[in-house]
Amino acid sequence: MRLIGMVLALGAIGWVLYQASGGKEGDGAIPESYQQSLKKAEGVEQTVQEAAQLRMKEIEQGDQ
């Protein structure tokens, strides 16, 4: 009986902490500012890849 009471108490504490942290409305494990930084970094990576591909085409055309 004591064990059941302790499990219920721990469940209630966990539920309160979950609700206090935002519950389902939370933005996940990664904060919004970091997510924005990741999106910017992906954009920069794409730009660098495109520039590298363009440069490779120029080099290949120059060799011919």
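## Exercises on a two-helix chain

The chain's secondary structure comes to 2 helices and 0 strands; helices (H or I, at least four residues) and strands (E, at least two) are DSSP runs, numbered from the N terminus. This is a predicted model, in which local features need pLDDT of at least 70, side-chain atom pairs count only at pLDDT 80 or more, and totals for chains, interfaces and linings use all residues. Residues are numbered from 1 along each chain as its sequence is written, and side-chain values use heavy atoms, leaving out hydrogens and water.

**Exercise 1.** Compare the expected span of helix H1 with the distance between its end C-alpha atoms.

*Solution.* Start with the rule: the expected span is 1.5 Å times one less than the number of residues. Helix H1 (residues 2–20) has 19 residues, so it should span 27 Å. Its end C-alpha atoms are 27 Å apart, which agrees.

**Exercise 2.** Decide whether H1 lies largely in the open or not, using its buried residues.

*Solution.* Buried means under 20% relative accessible area, exposed over 50%, and partly exposed in between (1.4 Å probe, protein chains only). The number of buried residues in H1 is 0, so the helix lies largely in the open. Next, take Ile13, which lies in H1: its relative accessibility is 48%, so Ile13 counts as partly exposed.

**Exercise 3.** Find the partner of Glu58 in a salt bridge, and place the pair in its helix.

*Solution.* A salt bridge is a side-chain nitrogen of Lys or Arg within 4 Å of a carboxyl oxygen of Asp or Glu. Glu58 pairs with Arg55, with the closest N and O atoms 3.3 Å apart. The two residues are 3 apart in helix H2 (residues 32–63), so about one helical turn separates them.
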